[in-house]
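Student: Could you take me through the salt bridges in this protein, one part at a time? I would like to see who pairs with whom and how open each partner is.

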Amino acid sequence: MQAQVVYNLTYQSGLLSTPFHRVYFDTTGTNIPIIEDNPVFGNVKRHPFVNKDIERLPSEKYKHALAGRFNYHISNWFVLRTFYRYYFDTFGIDSHTFSFEIPIKPTRFLTFYPFYRFHLQTASSFFKPFLQHNQHDRYYTSDYDLSGFTAHKIGLGVIYSPPEGIVSFRNIPFRNRTSAFEALFLRYARYYRSDELSAFIVSSGVRFSF
């Protein structure tokens, strides 16, 4: 059994907003007539009663994260790995993240690890959707990465790592030394969150030694 508790404090200063994110304001005080008169999204943006500006956020930010890991080796071929993190920052975001992996080794050189990750986040104090911001506010964003949402990520990884390596080379690239192509990694994941963002993620990697 292995357990770990970690606290991280991060301070950021500088340009923390993203200038290519636009924020749109309804200067009439209500966005219902504007949206009804302009069913096409692009027309809404060009409406005479709609103003726009770049995203504006504070230039300083403190981030706090308290995390814990708990791994339990049930047998020589079966391991349970769990992770939990509580996060909050001065932008008003609070989040909870939980994940687990279950590596299974049917042979000495082959490992399968199904995994799952859950993320719950509250919206930043500076976030509001399209046409909901007050143009007289000091800070504002409509970036949905700073909104409140829940997210799920589930998938499967494979590691192929023979004890003697997959392929070895003598005198390449250095004379009188042996280099080896030791392992191959492949990982597939399905990601989706409550604001309808979804993705398929495929990643691969290799490990060499010289």
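Tutor: Let's start with Arg 207, which counts as partly exposed because its relative accessibility is 35%. Please keep in mind that you are looking at a predicted model. The partner of Arg 207 is Glu 182, and the two form a salt bridge whose closest N and O atoms are 3.1 Å apart. This pair links distant parts of the chain: Arg 207 sits in strand β12 (residues 198-209), while Glu 182 belongs to strand β11, and 25 residues separate them. Glu 182 has a relative accessible area of 26%, so it is partly exposed too.

Now for a network. Asp 145, Arg 193 and Asp 195 are joined into one by salt bridges that share partners. Look at one link in it, where the side chains of Arg 193 and Asp 145 meet in a salt bridge of 2.9 Å, N to O. Here again distant parts of the chain are linked: Arg 193 is in strand β11 (residues 178-193), and Asp 145 is in the loop between β8 (110-121) and β9 (149-160), 48 residues apart. How open is each partner? Arg 193 has a relative accessible area of 10%, and because buried means under 20%, it counts as buried. Asp 145, at 42% relative accessibility, is partly exposed.

Next, turn to Asp 53, which lies in strand β3 (residues 50-54). Arg 56 makes a salt bridge with Asp 53, and their closest N and O atoms are 2.8 Å apart. Arg 56 is partly exposed, since its relative accessibility is 37%. Asp 53 has another link through its side chain, a polar contact of 2.6 Å with the side chain of Tyr 140. Tyr 140 also appears among the contacts of Asp 53 beyond four places in sequence, along with His 21, Arg 22, Val 23 and Phe 25.

If you want to place these pairs in the whole, a search of the entire structure finds six salt bridges.

For a contrast in chemistry, finish with the largest nonpolar core. Seven residues make it up: Leu 57, Ala 65, Tyr 87, Phe 91, Ile 93, Phe 126 and Leu 146. Pick out Ala 65 and see what it touches: leaving out residues up to four places away in sequence, the list is Val 6, Tyr 7, Asn 8, Arg 85, Tyr 86 and Tyr 87. Tyr 87 is on that list, and Tyr 87 is also a member of the core.

Methods
Residues numbered from 1 in each chain as written. Predicted model: local features only at pLDDT ≥ 70, side-chain atom pairs only at ≥ 80, totals over all residues. Heavy atoms only, no water. Core = buried A, V, L, I, M, F, W, Y, C linked by side-chain atoms within 4.5 Å. Buried < 20%, exposed > 50% of the residue type's maximum accessible area, 1.4 Å probe, protein only. Contact = heavy atoms within 4.5 Å. Helix = DSSP H or I, 4+ residues; strand = E, 2+ residues; numbered from the N terminus. Polar contact = N/O pair within 3.5 Å; in protein donor to acceptor, adjacent residues only side chain to side chain. Salt bridge = Lys/Arg side-chain N within 4 Å of Asp/Glu carboxyl O.
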